[in-house]
Amino acid sequence: MADFPYYGTYARFDTLEKKDGAILMNADSIVGDRYEIEIARENGTRRAWLKNRFGARVGFFDEATTHELSLCEAKGWTLVGILSFAAFSEMPEPGVYWGQASIIAYDELHADVVEPFIERVRALIGQGVRPQVSLGPGALEQLQAAPDSWMPTERVDLPAREKGTVILKSRQKVSEKLIEQGRQKNIGCYIVSWLFLLGVVALLVFGLKSCGLF
């Protein structure tokens, strides 16, 4: 099988200011969610932005990543971002919120092969697993042969954590899953999930009381 146009990587993004971390940390910016990549020219500088599904800019990529994405966009490829994790670093002062996203770009002619792969990548990242998305010719051939099931076995480690840096979210939280169920109007699952959580809290309170700690 012939190779097809494809680009995949994990790339860091940064927020403009510390206050912009509120967008990254709220329930509209979920790990494993699909994000738009917008390339914009502002004040003579071209930047690639990661935007959540509600249209909010979460952060921007560096010059090198922006260049690669601009080349993909110039070819008419589809650009997809998937939030992998969000972090906060104390330096440079006064601190910065940042993160990494999995980036996949491809020719729309191969959407029937790549889109199911993107969904599988999203599901794993939502669970805190980082599958390899930089695919060589051999991997692309395997993907073409089994577009509905193939996944790479390689995993990508989190970047080395420097002093003063903490990873704030690297998988979907239970609260985010509940919010998603509500957004999808899956009322039955939404109510059952809340009842389950309330039951867990009740058991925890009962246990603390029994131990004389509450």
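## A walk from Lys-169 to a salt-bridge network

Start by selecting Lys-169, which lies in strand E7 (helices, H or I with at least four residues, and strands, E with at least two, are DSSP runs numbered from the N terminus). Before going on: you're looking at a predicted model, where local features need pLDDT of at least 70, side-chain atom pairs count only at pLDDT 80 or more, and totals for chains, interfaces and linings use all residues. Residues are numbered from 1 along each chain as its sequence is written, and side-chain values use heavy atoms, with hydrogens and water left out.

Is Lys-169 buried or exposed? It counts as buried, because its relative accessibility is 3% (buried means under 20% relative accessible area, exposed over 50%, partly exposed in between, with a 1.4 Å probe and protein chains only). Show the backbone of Asn-26 too: the Lys-169 side chain reaches its oxygen at 3.5 Å.

**Next stop: strand E5**

Look across from Lys-169 and you'll find Ala-86 standing opposite. Now colour residues 78-89, which make up E5; 11 of these 12 residues are buried. E5 and E7 (residues 165-169) run antiparallel, joined by four bridges; two strands pair if DSSP finds at least two bridges between them.

Add residues 96-106 for E6, which runs antiparallel to E5 with 11 bridges joining the two. To see one such bridge, pick Phe-85 and its partner in E6, Gln-100. E5 and E6 form a hairpin with six residues between them. Stop at Gly-95 in that turn, where phi is positive at about 110 degrees.

Then bring in E2 (residues 34-42), which pairs with E5 in the antiparallel sense over three bridges. Arg-34 is the residue to click here, opposite Ile-82 in E5.

**Last stop: the charged pairs**

How many salt bridges does the count come to? Nine, where a salt bridge is a side-chain nitrogen of Lys or Arg within 4 Å of a carboxyl oxygen of Asp or Glu.

Select Asp-33 and Arg-53, whose side chains meet in a salt bridge at 2.8 Å, N to O. Asp-33 sits in the loop between helix H1 (21-25) and E2, and Arg-53 in the loop between strands E3 (45-51) and E4 (57-61), so the pair ties together parts 20 residues apart in sequence. Asp-33 counts as buried at 8% relative accessibility, whereas Arg-53 is partly exposed at 41%.

Now add Arg-122: Asp-33 forms a salt bridge with it too, with the closest N and O atoms 3.6 Å apart. Arg-122 belongs to helix H3 (residues 111-126), and this pair links positions 89 residues apart. Finish by showing Glu-119, which joins Asp-33, Arg-53 and Arg-122 in a network of salt bridges.

Technical notes
A polar contact is a pair of N or O atoms within 3.5 Å; within protein, one must be able to donate a hydrogen and the other to accept it, and residues adjacent in sequence count only if both atoms are side-chain atoms.
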